[in-house]
Amino acid sequence: MQRYLVRRVLLALLTLLVVSLIIFVMSRAAGDPRHVFLDDYSTQEDWDALTVTLGLDKPYYQQYGIFLFDTLRGKFGESIKEGRPSMEIIIERIPATFQLAFMAFAFSVLLGVPLGILSAVKRGSVMDIIGKTIALIGQSAPVFWLGIMLMFFFAVKLEWLPPYGRDNPTAVILPAVTLGWFYAAANMRLLRSAMLDVLDSEFVKLARAKGVSKNGVIWKHSLRNALIPVLTFAGVTLGNLVTGSLVVETVFAWPGLGQLAIKALFANDYPLLQAVIMVFTLMYVTAALLVDLMYAYIDPRIRYS
Amino acid sequence: MAEIGSRITIAQPSVGARIGKQLWAWRRLPLIPMFILAVFVATGLIAPLIAPHDPERGDIRARMVPPAWMEGGSTEYILGTDHLGRDMLSRVIYGARISLVVVAVTLGVGLVIGVIAGLLAGWYGRWIDELMMRIVDIKLAIPTILLALVLVLALGQSFLIIVAILAIAVWPRFARNTRGEVLQLKNMDYVSLAKVAGASTPRILFVHIFPGVVNTLIILASLEVGIVILLESTLSFLGAGVPPPTPAWGSMVADGRDRLAVAWWISTMPGIAIMMVVLAMNLFGDWLRDKLDPRLRQLE
């Protein structure tokens, strides 16, 4: 277990290092960073001063070292557009992204799990067909389009919910449903096939033969075993929800990290963009790491292979 | 032996029964998904022949005309027009072409890189394997869309760069699965015999081992098509895909986003196209997997 743990943590650190290197190389490949701050009317002294401030007079490996060191301390420089530290802007926006991710996760479990059980227990019933339809839409419709369609029906046509923003407590519903739908579909499919497998297994047959009630078989004997793949997937979902927010936040103008990243991208606000990407990757890698460790804890086969 | 064999007569089923059996064997063909995919591929291939209008040039007098079946619609623009008066149907048709090309090139490049990486890692093992698999791990640990956005911003927006980015996104899965298969195949007797017979390593890899991996690759590729289409359209939607005015489905959805209340069809039509193709491809891929190799169910 210890060896696995060390390996896994090292891999996570290596991933972050590679991402920081990619960001560094790309920020240099994108052109002279001084152009972002200065224009043709700036004097030669301004250019020279900025060269020193940005450390561009040093060799590349030193520049990367400085960048890495600043990154570790959470110093990404000031956002060009807003003129204040990038980290400050990011920290302000984290609650919105977490709220959305949490609600989407709750939706995916609350919809996916019951539907998965019902469609497995009542195979071929109306519930099964409804479940399958939801799953098929969730896995085929592009997230951004689904969001726009939900917005069109529930905000523009029916006017039940606000179309965008985060001023109203009900505003989270549409983005959360949009973001969670794909994972609800995946949960449903996973649970359905796991339930079908378990329901067909010997120990369930034995339980039935012994006269355990129908509900007892479903809830106690089957569901507990069928939940294992769903739990694994739930972990994978968490990381993806954070990045899925890129698209959904843009569609619904939800003031979180995803929207910030896209805004920074199109405003050429490089310091801010670097910071957002590092924070996003950190969240994603941490989530994946936690899931793997939890999984290795639950399933000993993983850690010994 | 031959004598015994000749004395046994096997009842031949009648012709009718044989045809019936054939039909029975094909009963589970996913006909509707196959039809949708056929239409998609055909539309993409012959787009210039069937598109009624120029997809990139609009008639400024015919802006936001609703689809033909709605009030104010015209049969000249069956799916209506967008905010610049461009025919939606023609744009959807040309969009199919873009998606088709992107999918073909991306998967082609991703497959070649992934297969070579997987073959080498699985065959040579040791540090090559370790290196390749760590690269794969790292790649899978970085959120694709973010990576793509950074690359597009730094390198510029062009068709080639988009395809390169998508190929980077798809190759690790091919590599990982190829490697897994090679690990199993390389200990087979026939591979050892080929070695003894003096076959060169490239020959063993491509003539003896590669055919054993093809099934897995076909299935994986069919499941990746949907992923590539969704990725490409997401990038286009965010404004980091194939540059306008090229009619990519994702950017068409983005065009209609702020005009939902007045012209819902601008966003709706290309979205339906994406969904139909991805849905059909997923159903077809599932069928293919069950048909060729049910073990791969766990791939999901």
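## Helix packing and chain contact

α11(B) passes α12(B) in a left-handed crossing (left-handed if the near helix is turned anticlockwise from the far one by less than a right angle, right-handed if clockwise). The model is predicted, with local features requiring pLDDT of at least 70 and side-chain atom pairs pLDDT 80 or more, while totals for chains, interfaces and linings use all residues. Residues are numbered from 1 along each chain as its sequence is written, and chains are lettered from A and ligands numbered from 1 in the order written.

**Exercise 1. Describe how α11(B) packs on α12(B), and name the residues that meet.**

Step 1. Helix α11 (residues 249-256) and helix α12 (residues 265-292) of chain B pack at about 155 degrees, and their axes are 7 Å apart. Helices are DSSP runs of H or I of at least four residues, strands E runs of at least two, numbered from the N terminus; axes are lines fitted to C-alpha atoms, for helices over the stretch in contact, with angles from 0 to 180 degrees between N-to-C directions.

Step 2. The angle therefore makes α11(B) roughly antiparallel to α12(B) (over 145 degrees; under 35 is roughly parallel, 65 to 115 roughly perpendicular, the rest oblique).

Step 3. From α11(B), B:Trp249, B:Met252, B:Val253, B:Asp255 and B:Gly256 meet B:Ile266, B:Ser267, B:Pro270, B:Gly271, B:Ala273 and B:Ile274 of α12(B), contact meaning C-beta atoms, placed from the backbone, within 7 Å.

Step 4. Sorted by class, this contact of α11(B) with α12(B) holds seven nonpolar, three polar and one charged residues (nonpolar: Ala, Val, Leu, Ile, Met, Phe, Trp, Tyr, Cys, Pro; charged: Asp, Glu, Lys, Arg; polar: the others, Gly among them).

**Exercise 2. Analyse the packing of α8(B) against α7(B) and against α5(B).**

Step 1. The axes of helix α7 (residues 144-155) and helix α8 (residues 159-185) of chain B come within 10 Å and cross at roughly 150 degrees, so that α7(B) is roughly antiparallel to α8(B).

Step 2. The crossing of α7(B) over α8(B) is right-handed; B:Thr144, B:Ala148, B:Leu151, B:Val152 and B:Leu155 in α7(B) meet B:Ile161, B:Ile165 and B:Ala169 in α8(B), a contact of seven nonpolar, one polar and no charged residues.

Step 3. For α5(B) and α8(B) the angle is about 35 degrees, with axes 6 Å apart, and this crossing is also right-handed; its residues divide into 21 nonpolar, seven polar and two charged.

**Exercise 3. Check the length of α5(B) against expectation.**

Step 1. At 1.5 Å a residue (multiplied by one less than the number of residues), the 37 residues of α5(B), 88-124, should span 54 Å, and the end C-alpha atoms, 53 Å apart, agree with this.

Step 2. After α5(B) comes B:Gly125, whose phi is positive, near 60 degrees.

**Exercise 4. Characterise the contact between the chains, and the confidence behind it.**

Step 1. In total, 35 residues of chain A are in contact with 31 residues of chain B.

Step 2. α1(A) gives the most to the side of chain A that touches chain B, with nine residues, and that side divides into 29 nonpolar, six polar and no charged residues.

Step 3. The predictor assigns the complex an ipTM of 0.80 and a pTM of 0.82.

Step 4. The mean pLDDT (the predictor's confidence in each residue, from 0 to 100) is 80 for chain A, with 91% of the residues scoring at least 70, and 82 for chain B, with 91% of the residues scoring at least 70; within chain B, confidence is lowest in helix α1 (residues 2-7), at a mean of 53, and highest in α5(B), at 90.

How values were computed
Contact = placed C-beta atoms within 7 Å.
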